[in-house]
Amino acid sequence: MRRIESPRGAGAGRSRVVGHALLVIALGAGVAGCSSDGDPLSAEPYDAADRISFSGSVEDGGKADPDEPLEIVAEDPDGRITDVTAVDASGRRVTGELAADGSRWHSTSPLAAHARYTVRVSTEDEDGAPGRRVLTFTTGGPAATATKRLAVTFGPGAGTYGVGQPLTAELSAPVKDRAQRAVVERALTVESTPAVSGSWHWVDDKKLHYRPRDYWPAHATVSVRSALEGVKVNDRLRGGRSKPLTIRTGDRVIAVTDAAEHRLTVYKNDEEIKQIPVTTGKPGFETRNGVKVVLAKERLVRMRSTTVGIAEGSTESYDMDVEFATRVTWSGEYVHAAPWSVGSQGYDNVSHGCVGMSTEDAQWFFDTVREGDVVTVENSDGDTMEPFGNGYGDWNLDWAEWRAGSALVAGAPRSAGEAARLRPTTV
């Protein structure tokens, strides 16, 4: 008995296979010569094209319909398909499913419009001798009903960031259906040097974030691109052009704030480089626990209590200019200079939620960190940092939770070749 290792997102495309026979390959019973050692697997592959036939527009030399699945069939009951790769001229791979007995392969992701595809089929006859066939075909235009183009805008923008910086993908139109999300997600390719495993997570219908299991490596190069152009997402939405993005990471800088010990410790490339006495949020204004990411650095910022719901003129109200402010949430949590609380720094928590320190230490911190660096808080009585909506709290989800936000099967990250190949293996 043979089994299949299902590709990611296979379920998303399975419902599309409704009996359309765009391409049929009949694998003949051609005999391959054995090698000198008698092992058929070491023989040169035979040409499996002598009984290949095409149906429909492909057979007539026309263009294949990009809205229909691609199907390959082994008509010889003694032969089987062992491997299929289908890729277009831009490097986009087509995912597919291979029957357990190797009799049939069909695509599970849509083809792109106006594209040229190369299909490589590996076969095996009843003696185990390998066969090969390489086919090329082109696709025609999309259906007239596809009226919108789905563009993807990647973030955060070209530059150098800390190792905690997630990638973002903003869609120009909402995508709600899980199968359609899988089509989009498969087309968003992330590559890093050094290589790491990672996964996309759908924040909402128009936004995805991508992060590795752990932080990015220091001094890495990370590139992201979309291969959605021309690909059908639904009857009225087809992928459009999107600009790729490349970012780099700097040193691995992580700041750990212990609210109970009133101390912030900064690590650079896993070595401690400075301890700073601090004050964090007092009762009723506790600093959020968890992992945050530097969003911006503001040399001077006006802080007003009314922006965080404290009534003007109340005993807790304030309105002041603050120096060397490093922002970690959009709601107004910073690491900043607090010369008015120096006497409490290292001993007590007296702030309204920010991490306060001396002006000298705040300037050092401001000059040391960059956007994307990691700032964590532990041992506070505050809530945990939200994953989304108030900055980058992505790292507060464990890896299983993060992958569950993927539209692909089980949310598991893809390997480089998984999207294109399927080979049956013996149980």
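On the other side of helix H4 from its buried face, Glu360 and Asp367 are exposed. Here buried means under 20% relative accessible area and exposed means over 50%, with partly exposed in between (1.4 Å probe, protein chains only). H4 covers residues 359-368, and its buried residues are Asp361, Ala362, Phe365 and Phe366. Look down the axis of H4 and those buried residues fall within an arc of 135°, so they line one face of the helix. The arc is taken from the directions that run from the helix axis to the C-beta atoms. An α-helix has 3.6 residues a turn, so residues three or four places apart point the same way.

Before going on, a word about the model. It is a predicted one, where local features need pLDDT of at least 70 and side-chain atom pairs count only at pLDDT 80 or more, while totals for chains, interfaces and linings use all residues. Residues are numbered from 1 along each chain as its sequence is written, and side-chain values use heavy atoms, leaving out hydrogens and water. Helices (H or I, at least four residues) and strands (E, at least two) are DSSP runs, numbered from the N terminus.

Next, the sheets. Two strands pair if DSSP finds at least two bridges between them. One open sheet has three strands in the order E3-E6-E5, with antiparallel pairing. Its edge strands are E3 (71-73) and E5 (96-98), each of which pairs on one side only. Neighbouring strands in this sheet are turned by 10° against each other on average, direction ignored. For such angles, axes are lines fitted to C-alpha atoms (for helices over the stretch in contact), and the angles run from 0 to 180 degrees between N-to-C directions. Within the sheet, E3 and E6 (residues 104-107) pair in the antiparallel sense over three bridges, and Ile72 has Trp105 in E6 as its bridge partner.

Another open sheet also has three strands, in the order E9-E18-E17, but here the pairing is mixed. E9 (148-150) and E17 (232-234) are the edge strands, each pairing on one side only. The average turn between neighbouring strands of this sheet is 35°, direction ignored. E17 pairs with E18 (residues 237-239) in the antiparallel sense over two bridges, and Asn234 stands opposite Leu237 in E18.

Then there's strand E4 (residues 80-88). How many of its nine residues are buried? Nine of the nine are, which makes E4 mostly covered. Eight bridges join E4 to strand E7 (residues 116-124), and the two run antiparallel. Thr85 has Arg120 in E7 as its bridge partner.

Some of the loops hold backbone oddities, listed here.

| Residue | Backbone feature | Loop |
|---|---|---|
| Pro156 | cis peptide bond from Gly155, omega near 20° | between E10 (152-155) and E11 (159-161) |
| Pro194 | cis peptide bond from Thr193, omega near 0° | between E13 (188-193) and E14 (198-204) |
| His262 | positive phi of about 60° | between E20 (253-258) and E21 (263-268) |
| Asn269 | positive phi of about 50° | between E21 and E22 (271-277) |

His262 has its positive phi although it is not a glycine, and the same goes for Asn269. His262 is buried, with a relative accessible area of 12%, whereas Asn269 is partly exposed at 35%.

Now for some empty space. The second largest pocket has a volume of about 670 Å³. On a 1 Å grid over the protein atoms alone, a pocket is an open set of points with protein on both sides within 12 Å along at least five of seven lines, and lining residues have an atom within 4 Å of a point. Grid points are joined across faces, edges and corners, and the volume is the space filled by probe spheres set on the points. Of the 35 lining residues, the closest to the pocket's centre are Val308, Tyr318, Gly332, His352 and Cys354. Strands E24 (296-304), E25 (319-327) and E26 (334-337) are the elements that give two or more residues to the lining, and E24 gives the most, with four. The lining divides into 14 nonpolar, 13 polar and eight charged residues. Ala, Val, Leu, Ile, Met, Phe, Trp, Tyr, Cys and Pro count as nonpolar, Asp, Glu, Lys and Arg as charged, and the others, Gly among them, as polar.

Last stop: Glu401, in helix H5 (residues 399-403). Glu401 counts as partly exposed, at 42% relative accessibility. Its C-alpha atom is separated by 9.4 Å from that of His201, although the two residues are 200 apart along the chain.

Conventions: 1 Å grid on protein atoms, 1.4 Å probe; cavity = no way out; pocket = protein on both sides within 12 Å on 5 of 7 lines; lining within 4 Å.
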